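Hi everyone, thanks for making time this morning. I'd like to walk you through one structure, so let me put it up on the screen.

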Amino acid sequence: MKRWIYALPVLAFVLLAFFLFRSLWDPAPRVIPSALLNKPVPRLVLPPLDARRPAFGPADLAAGQVSVVNVFASWCAPCRVEAPQLQALARVPGIAVYGLVHKDKDRKSTRLNSSH
């Protein structure tokens, strides 16, 4: 009976290793569900990030062009990676890109915004 007690941690490790190893071959999720799809945009006016940019409000989204609203922060690593692609997208005629700072200090977010 005492031998089973020594086998339990080994059995637990093998079971955990099996599930972790199996998850390596599961397909990556391609569709990220969002609770905000097909919902109206909140009607609020946000202050500008710095003196060079205007405030952001509902009128910006109703301008008759494609609008991309990106929420970012200076501490967010994926935000830093996607910043060059968003800047390139902002240069395409007919597309407006807006950045909303999330849980960040004004000084850090301005530096992130101007460095990319």
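Let's begin with strand S1, which gives the largest share of the lining of the second largest pocket, namely three residues. Please keep in mind that what you see is a predicted model. S1 covers residues 66–72, and helix H2, at 58–61, also supplies at least two residues of that lining.

So how many residues line the second largest pocket? There are 16, and those that lie nearest its centre are Leu36, Val41, Pro42, Val69 and Leu100. By character, the lining divides into twelve nonpolar residues, three polar ones and one charged one. As for the space inside the second largest pocket, the figure is about 470 Å³. If you wonder how one looks for such space, rolling a probe the size of a water molecule over the atoms shows where empty space is left.

Now let me step back to the whole chain. The protein has four helices and two strands. Starting at the N terminus, you meet its elements in the order α-α-β-α-β-α. The protein has 116 residues, and 14% of them are buried.

Here is one of each kind for you to look at. Take Leu86, in helix H3, which runs over residues 77–90. Is Leu86 buried or exposed? Its relative accessibility is 18%, and buried means under 20%, so Leu86 counts as buried. You can also find Val97 from there: Leu86 and Val97 are eleven residues apart in sequence, and their C-alpha atoms are 7.2 Å apart in space.

For the other kind, go to helix H1, residues 2–23, where you'll find Val10. Val10 counts as exposed because its relative accessibility is 53%, and the cut-off for exposed is over 50%. Val10 also has company on the surface: together with Phe13 and Val14, Val10 forms a nonpolar patch. The accessible area of these three residues together is about 310 Å².

That's my tour, and I'm happy to go back to any part of it.

Terms used
Residues are numbered from 1 along each chain as its sequence is written. This is a predicted model: local features need pLDDT of at least 70, side-chain atom pairs count only at pLDDT 80 or more; totals for chains, interfaces and linings use all residues. Side-chain values use heavy atoms; hydrogens and water are left out. Patches are made of residues with over 30% relative accessible area and no salt bridge: like charges are joined within 9 Å, nonpolar side chains (Val, Leu, Ile, Met, Phe, Trp, Tyr) within 5 Å. Accessible areas come from the Shrake-Rupley method with a 1.4 Å probe; for residues, only the protein chains shown count as cover. A salt bridge is a side-chain nitrogen of Lys or Arg within 4 Å of a carboxyl oxygen of Asp or Glu. Buried means under 20% relative accessible area, exposed over 50%, partly exposed in between (1.4 Å probe, protein chains only). On a 1 Å grid over the protein atoms alone, a cavity is a set of points where a 1.4 Å probe fits but cannot get out, and a pocket is an open set with protein on both sides within 12 Å along at least five of seven lines; lining residues have an atom within 4 Å of a point. Grid points are joined across faces, edges and corners, and a volume is the space filled by probe spheres set on the points. Ala, Val, Leu, Ile, Met, Phe, Trp, Tyr, Cys and Pro count as nonpolar, Asp, Glu, Lys and Arg as charged, and the others, Gly among them, as polar.
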